[in-house]
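Please open the structure in a viewer and keep the selection panel at hand. The stops below say what to select and what is there.

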Amino acid sequence: MTANTLDISAGQLATEVGGQVVGDATTTITGISGLTEARPGDVSFLADERYLALLTDSKASAVLCRRALDDCDKVQIVVADPNLAFIEIVERHGPQPRPLPRRIHPTAIIEDHVTIGDDVAIGPYVVIRAGSVIGSGCTINAQCFIGNDCQLGERCLLHPRVTIRERCRLGTAVIIHAGAVIGADGFGYASVAGVHRKIPQVGSVDIGDDVEIGANTTIDRARFDHTVIGAGTKIDNLVMIAHNVQIGAHGIICGQVGIAGSTAIGDGVMILGQAAVTGHIRIGDGAVIAGRAGVSKNLPAKATVRGNPARDIREFQQQELALRRMPRTIDKLQARIAELERRLEEKR
Amino acid sequence: MTANTLDISAGQLATEVGGQVVGDATTTITGISGLTEARPGDVSFLADERYLALLTDSKASAVLCRRALDDCDKVQIVVADPNLAFIEIVERHGPQPRPLPRRIHPTAIIEDHVTIGDDVAIGPYVVIRAGSVIGSGCTINAQCFIGNDCQLGERCLLHPRVTIRERCRLGTAVIIHAGAVIGADGFGYASVAGVHRKIPQVGSVDIGDDVEIGANTTIDRARFDHTVIGAGTKIDNLVMIAHNVQIGAHGIICGQVGIAGSTAIGDGVMILGQAAVTGHIRIGDGAVIAGRAGVSKNLPAKATVRGNPARDIREFQQQELALRRMPRTIDKLQARIAELERRLEEKR
Amino acid sequence: MTANTLDISAGQLATEVGGQVVGDATTTITGISGLTEARPGDVSFLADERYLALLTDSKASAVLCRRALDDCDKVQIVVADPNLAFIEIVERHGPQPRPLPRRIHPTAIIEDHVTIGDDVAIGPYVVIRAGSVIGSGCTINAQCFIGNDCQLGERCLLHPRVTIRERCRLGTAVIIHAGAVIGADGFGYASVAGVHRKIPQVGSVDIGDDVEIGANTTIDRARFDHTVIGAGTKIDNLVMIAHNVQIGAHGIICGQVGIAGSTAIGDGVMILGQAAVTGHIRIGDGAVIAGRAGVSKNLPAKATVRGNPARDIREFQQQELALRRMPRTIDKLQARIAELERRLEEKR
């Protein structure tokens, strides 16, 4: 961490997170870090006892852990969930981005008929077009663009240089990273004799509460109606979500994934990096799609798939294993056939 | 659709698109929608009779269709091409983006020696550098950047936050979506003893008439000469087109496709999502490249390929089928060999 | 090349690059181009004698080459490395982007406590937040955003519309192309009962000297500490580099590659287009990862891998060959078994 300004005792930290100290509670903690990067004075955390070796090698002075450890030279703060407790410590004591002033920067261009809630921060060179509504507590960083008739719920955070086209809706506490484009036209043409005539894309995008959208990701507006991102879904960088896609709540969509038009994805679906989902299909709740998988058919709830074309992960693994063994399997068959041929020859 | 302000009779709509009404021509139409999302009062369309079940379930009051349907409870407007007729209705009556005023916003920075045609709209915080020419009827939305000595033909539409580097040329009626970058340096280095020295990229990009380019897509400038996108070609979001690529007319290039340097692609080529085409090869006119295919060799005209490495789609399907059957095929061979061995053993 | 303003003799060019003229040294050179696009009057270069056929067909008047060629109708300039000599000629005589004036544009918003070196050019609508340090000779084009407490070394070049979030560090002579986002939050959540709680990403990004980063590429900030890009590494467009990734010096990372979190990549590694590297692994120095490969395990130094899952390239090729031959191999086995069955039947 580049800025470590902590000056607190291990005992005080333990009190803050409702933990028990094992060791010297008066130890001064001066920084926060992961086990690997920690320096003396830092507090760190042991998310899982698989990482015990990292703890042994770590220079951290204190560690959050789930139970008191044998033979540990660090001060231990025992808590039920070290990962969550550590998040709380980082949120309270870690380096904070300098806040954007809670005002509208004089260079921001807010057109007429824009409604802006209380306690809003709008940075320089932001453009908000007529008819939009910005909820209380929103932070809209420099150079963002918000088109006509958009709605942002309370406490949304737009990082610099986000583009939201006309008539899109964001719920409460949505976070959008730099360079993302929400509501560009869907990719739709009526092709007659090889010439592609643009199909108007007159729908919009509807983003639920607590959604986070990564840098340079694009989510296209629907042909009609809405492209939908369900509440609590987290989307990484450079993801492409096409028009009319419906994504359920609390999903995880990793970097460079592509989802083609009109596909409906259930709740709690996890799609790992660079995977692709074809258009006009349905993915059931709780499905897990492995990295780089290519999904071209409906998936039932809780399916776990891998490969291209994607298939059940156990089937995939068996097939991969069979394929890898096949040359040797065939060599053995050849040897047995040759032996049979030799023996039949002898019998002549 | 979020805004439905229509108030027109089915008969009037039919007249507008040159169709025949079957049913009550005085029915009032109040909205436009797809079959699935339609509410009572909406007009929709039946693109293909495969979707007849959707029509039966639809709440639409009227439907555009190719021929009069039996047992249809909706008002029918019979036209030669329901899809195209519906596009016309949406263009005429659908929700319109509020137009950007036909003026140069006072915050736009237009350097000296820029030529701007009639009826041009330029939004706030646009930067146009010296030597550029902007054709009549162009719309350049907020925060776009146009470098030195660019040429934009008539009626181009740049959505917010498009970047066009120096000396690029756009034809007539080109549409570019937010975040796209036209004319960044090609990725070229001369590597000597492991150190990569930048090769100057002094060419540019030449984009034909009626091209559409998706959000956050990047098209690099040529080392010399031009990277070329042919007239009528449509490119989706997050596509990467490298330096010196030549793409023909009326192509379709879907999301997240990558085309490596100096490859020449013919007319009417369709490349589906996440496919990749290697550098320095030729793709013939009318070729179709399936989603996620990896093309590493020249393709003849009208080739249809799939897989990685990409191969003829029938060959691909036969190979996939053979592979999937192979474990069972081998099991059967093993059983026959075991039977032969047993019988030979008996004969001893 | 769109602008050819050269007026120099072949002899003078040869002197500039330390070469020997074979042919008429007084020939006037009026342009610079690749062999294929060259017009009469142009100088071009023969990088490799494999391209001799292109030279024969070229309209160039002069050519840089490694040795005097037989039967060549062009003026030859013989140099040790024609590619490097040609780069020098293009850098000296090729079309130059019109320079950004060496001043701070009056519309740039430079917050308090920003330190700016000598000879810096800052374009319109740039925002630089408090605490940042801009080295001498930097060029920061229009609409860039630099967050709080960033450090840019000397002679960095930011193309228009680059975003650098707070506390990131760039070395000397770093080039970043339009739309790139440096320092967005890493993609990390603690998921409890299906709800994803954001893990603060309080680290930053550290970019070494002479790094080049492509258009719309994203490099996320570390959870703690730094995401690191080593000196001299070149990164193409639309690449995704996740939090806590460490990339060594002098690497080449091509378009649309994705590298997942906490992976450590050695020096001089080459990763070709659309490849993916999973998280928490190590790639040894000098490894080469083929286009579209999916790397899911540690790789030793100098490994060359291909396929998904990626494996040694010779192993990959043998497996591909075996797979392709397998249907015929199995047909042959079937025929031999049928023959054995027939002969055993006869013997009954």
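Contact, on this tour, means heavy atoms within 4.5 Å. The model is a predicted one.

**Stop 1: A:Ser44**

Select A:Ser44, which sits in strand β5 of chain A. Is this residue buried or exposed? A:Ser44 counts as buried because its relative accessibility is 0%, and the cut-off for buried is under 20%. Now show what surrounds the residue. Setting aside neighbours within four places in sequence, A:Ser44 is in contact with A:Ser33, A:Gly34, A:Leu35, A:Ala60, A:Ala62, A:Val63, A:Leu64 and A:Phe86. For A:Leu35 there is also a polar approach to display: a polar atom of the A:Ser44 side chain lies 3.0 Å from the backbone nitrogen of A:Leu35.

**Stop 2: the aromatic rings**

Over all chains, the structure holds 12 aromatic pairs. Select A:Phe45 and A:Phe86, a stacked pair with 4.4 Å from centre to centre and 25° between the planes. The two rings come from distant parts of the chain, 41 residues apart: A:Phe45 belongs to strand β5 (residues 42-45) of chain A, and A:Phe86 to helix α3 of chain A. A:Phe45 has 10% relative accessibility and therefore counts as buried. A:Phe86 is at 0%, so A:Phe86 also counts as buried.

Next select A:Tyr125 and B:Tyr125. The ring centres of A:Tyr125 and B:Tyr125 are 4.6 Å apart and the planes stand at 70°, so this pair is edge-to-face; the class calls for an angle over 60 degrees. The pair joins two chains, because A:Tyr125 lies in the loop between β10 (121-122) and β11 (127-128) of chain A, and B:Tyr125 in the loop between β10 (121-122) and β11 (127-128) of chain B. Both tyrosines, A:Tyr125 and B:Tyr125, are buried.

Return to the phenylalanines and add C:Phe224. Together, A:Phe45, A:Phe86 and C:Phe224 form one aromatic cluster.

**Stop 3: chain A against chain C**

Colour chains A and C separately. Their contact takes 65 residues from chain A and 73 residues from chain C. About 5,500 Å² is buried between chain A and chain C, with carbon and sulfur atoms giving 61%. Which residues of chain A lose the most area to chain C? They are A:Arg98, A:Arg161 and A:Arg292, together 13% of what that side buries.

Between chain A and chain C there are 5 salt bridges. To see a salt bridge here, select A:Glu345 and C:Arg343, whose side chains meet at 3.2 Å, N to O. Across this interface, 26 residue pairs are in polar contact. On the side of chain A that touches chain C, at least two residues each come from α3 (82-93), β27 (234-235), β30 (252-253) and α4 (313-347). The largest share, 15 residues, is supplied by α4(A). By class, this side of chain A has 33 nonpolar, 17 polar and 15 charged residues.

**Stop 4: chain A against chain B**

Switch to chains A and B. Here the contact takes 73 residues from chain A and 66 residues from chain B. The area buried between chain A and chain B is about 5,500 Å², and carbon and sulfur atoms give 61% of that. There are 5 salt bridges between chain A and chain B. Select B:Glu91 and A:Arg197 for a salt bridge at 3.1 Å, N to O. Polar contact links 27 residue pairs between chain A and chain B. The elements of chain A that each supply at least two residues of the side touching chain B are β20 (181-184), β21 (189-192), β22 (195-198), β25 (218-220) and α4. Of these residues, the largest share, 12 residues, comes from α4(A). The side of chain A that touches chain B divides into 36 nonpolar, 21 polar and 16 charged residues.

**Stop 5: backbone details in chains B and C**

Select B:Asn308 and B:Pro309, which are joined by a cis peptide bond with omega about 0°. B:Pro309 is in the loop between β38 (304-306) and β39 (311-312) of chain B. In chain C, the peptide bond from C:Asn308 to C:Pro309 is cis, with omega near 0°.

Finish with two positive phi values. B:His250 is not a glycine, yet its phi is positive, about 55°; B:His250 lies in the loop between β29 (246-247) and β30 (252-253) of chain B. C:Ala173, also not a glycine, has a positive phi of about 60°. C:Ala173 is in the loop between β18 (169-170) and β19 (175-176) of chain C, and is buried with a relative accessible area of 16%.

Key. Residues are numbered from 1 along each chain as its sequence is written. Chains are lettered from A and ligands numbered from 1 in the order in which they are written. This is a predicted model: local features need pLDDT of at least 70, side-chain atom pairs count only at pLDDT 80 or more; totals for chains, interfaces and linings use all residues. Side-chain values use heavy atoms; hydrogens and water are left out. Buried area is the accessible area (1.4 Å probe) that two parts lose on being put together, summed over both. A salt bridge is a side-chain nitrogen of Lys or Arg within 4 Å of a carboxyl oxygen of Asp or Glu. A polar contact is a pair of N or O atoms within 3.5 Å; within protein, one must be able to donate a hydrogen and the other to accept it, and residues adjacent in sequence count only if both atoms are side-chain atoms. Helices (H or I, at least four residues) and strands (E, at least two) are DSSP runs, numbered from the N terminus. Ala, Val, Leu, Ile, Met, Phe, Trp, Tyr, Cys and Pro count as nonpolar, Asp, Glu, Lys and Arg as charged, and the others, Gly among them, as polar. Rings of Phe, Tyr and Trp (its six-membered ring) pair if their centres lie within 6.5 Å; planes under 30 degrees apart count as stacked, over 60 as edge-to-face and the rest as tilted. Buried means under 20% relative accessible area, exposed over 50%, partly exposed in between (1.4 Å probe, protein chains only).
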